[in-house]
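Student: I should like to learn how the words used for a protein structure are justified. May we look at one together?

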Amino acid sequence: MSDRPIFLDHNSTTPLDPEVAGAMAKAQERGWGNPSSVHAAGRAAKKILEEARERAAAQLGCDPGELYFTSGGTESDNLALKGSYFAYPRRPRRVLVSAIEHPAVLAAAADLLSRGAEVIEIPATAGGIITADALTTAIGTDGAVVVAVMAANNETGTIQPTRDLADAAHAHDALFFSDAVQAIGKIPVDVRDWNVDMLALTAHKFYGPRGIGALYVRRGLGLAAQITGGSQERKRRGGTENVVGAFGLAVALEKANRLLDSEARRLAELSDYFIEALLEAVPDVHLHGDRAHRVANTVNLSFAGAEGEAVVVSLDLVGLCVASGSACASGATEPSHVI
């Protein structure tokens with residue numbers, strides 16, 4: 001085994017950037033109080049929290065009041081799907097999700113199904129793309145409360161036509177939610193330009209800390225809280241806020257966007273080289289997803305006659321860290337639902 005493993009599983013998590021870690025340490029020194037407290041220590045923490053919200057919102061193209069901090073992508077997904085469903089009881093009791101969604105979205109949809117919702121799956125093309133026509137066909141004339149299609153797939157990297165999908169959902173008076181967890185830091189993300197109603201992100205996918213995420217919610221939309229117990233986050237997410245984590249998210253997001261163009265070029269060159277070299281050297285290799293429309297950091301391959309888990313273990317023994325699917329589906333023995 002290599003003394004220094006090569007980490008090729010950045011879709012599961014990224015290492016914490018030293019610049020981000022330093023900014024978080026300073027934030028902890030200045031804002032260790034409870035941001036809900038009215039005394040000096042609480043006000044200092046509140047100031048840092050709101051600075052983080054303003055800086056993160058600026059990177060997404062939204063107003064600070066439209067951004068809610070959560071514990072990560074999974075919570076953001078659940079809050080968006082369930083929160084919008086229960087906020088609009090007079091709308092059709094239908095939810096649409098794409099066939100390639102992250103397990104967090106699919107599990108949230110399954111929970112709504114158990115509570116009486118009708119859940120419709122939008123099929124993908126062979127290249128893993130959800131088209132506006134497929135969405136329109138799936139929603140039919142019955143409408144829906146919310147439509148969920150991720151911006152970039154966590155397994156294949158396939159980028160979706162988010163703006164077209166949002167427009168198609170709105171044409172049927174449905175809300176549109178995009179899980180952009182794997183898109184942030186890889187492609188430009190602007191909630192206004194994409195015309196989305198809700199968008200999820202999590203910091204540890206772009207060199208920020210684990211345990212902190214955010215959900216953009218367009219101003220004026222209803223959203224039923226899924227974690228109750230306090231009036232934090234404007235009564236939409238109870239619990240003492242992770243001030244230091246939120247600050248780390250903002251700093252990491254700023255750096256990710258600052259390096260977006262150069263990183264996209266660097267990763268595209270590396271992944272293209274890797275794909276061509278592997279296809280030439282190894283027989284019976286299949287590349288999954290749309291090669292022309294994918295985030296540059298993600299390559300999904302299968303090897304004829306080899307099980308994914310066996311490949312992962314074998315590569316780990318020689319110092320290569322890779323994944324056979326979503327980290328949230330670790331331990332599953334069935335083939336990936338995305339593939």
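Tutor: Let us begin with a definition: a residue is buried when its relative accessible area is under 20%, exposed when it is over 50%, and partly exposed in between (1.4 Å probe, protein chains only). This is a predicted model, in which local features need pLDDT of at least 70 and side-chain atom pairs count only at pLDDT 80 or more, while totals for chains, interfaces and linings use all residues. Residues are numbered from 1 along each chain as its sequence is written, and side-chain values use heavy atoms, with hydrogens and water left out.

Student: Why is R53 called buried?

Tutor: The relative accessible area of R53 is 2%. That value is under 20%, so R53 is buried.

Student: What makes the pair of E233 and R53 a salt bridge?

Tutor: The term requires a side-chain nitrogen of Lys or Arg within 4 Å of a carboxyl oxygen of Asp or Glu. The closest N and O atoms of E233 and R53 are 2.8 Å apart, and the pair therefore satisfies the rule. E233 belongs to helix α8 (residues 232–235) and R53 to helix α2 (residues 40–60), so the bridge ties together parts that are 180 residues apart in sequence. Here, helices (H or I, at least four residues) and strands (E, at least two) are DSSP runs, numbered from the N terminus. E233 also counts as buried, at 4% relative accessibility. In general, side chains of opposite charge can pair when their charged atoms come close.

Student: How many salt bridges does this rule give?

Tutor: The count comes to 21 salt bridges. Another of them joins D167 to R163, with closest N and O atoms 3.1 Å apart. Both residues lie in helix α6 (residues 162–171), four residues apart, which is about one turn of the helix.

Student: Are D167 and R163 buried or exposed?

Tutor: Neither word applies, because D167 has 31% relative accessibility and R163 has 36%. Both values fall between the two limits, so each residue is partly exposed.

Student: Which parts of the chain does the salt bridge of D272 with R294 link?

Tutor: The closest N and O atoms of D272 and R294 are 3.5 Å apart. D272 is in helix α10 (residues 260–281) and R294 in the loop between β9 (285–287) and β10 (301–303), so that distant parts of the chain, 22 residues apart, are linked. D272 is partly exposed at 35% relative accessibility, whereas R294 is buried at 13%. Elsewhere, D17, E19, K255 and R258 are joined into one network by salt bridges that share partners.

Student: Why are α5 and α6 called roughly parallel?

Tutor: Axes are lines fitted to C-alpha atoms, for helices over the stretch in contact, and angles run from 0 to 180 degrees between N-to-C directions. Angles under 35 degrees count as roughly parallel, over 145 as roughly antiparallel, 65 to 115 as roughly perpendicular, and the rest as oblique. Helix α5 (residues 132–139) packs against α6 at about 25°, with the axes 9 Å apart. This angle makes α5 roughly parallel to α6.

Student: Which residues of α5 and α6 meet?

Tutor: A132, L135 and T136 of α5 are in contact (heavy atoms within 4.5 Å) with D164, L165, A168 and A169 of α6. These residues divide into five nonpolar, one polar and one charged. In that division, Ala, Val, Leu, Ile, Met, Phe, Trp, Tyr, Cys and Pro count as nonpolar, Asp, Glu, Lys and Arg as charged, and the others, Gly among them, as polar.

Student: How do you know that α1 is roughly antiparallel to α9?

Tutor: The axes of α1 (residues 18–30) and helix α9 (residues 243–258) come within 9 Å and cross at roughly 150°. That angle is over 145 degrees, so α1 is roughly antiparallel to α9.

Student: At what angle do α2 and α9 cross?

Tutor: Their axes come within 8 Å and cross at roughly 25°. That makes α2 roughly parallel to α9.

Student: Finally, what makes P18 exposed?

Tutor: P18, in helix α1, has 67% relative accessibility. This is over 50%, so P18 counts as exposed. P5, in the segment before β1 (6–7), stands at 46% and therefore counts as partly exposed.
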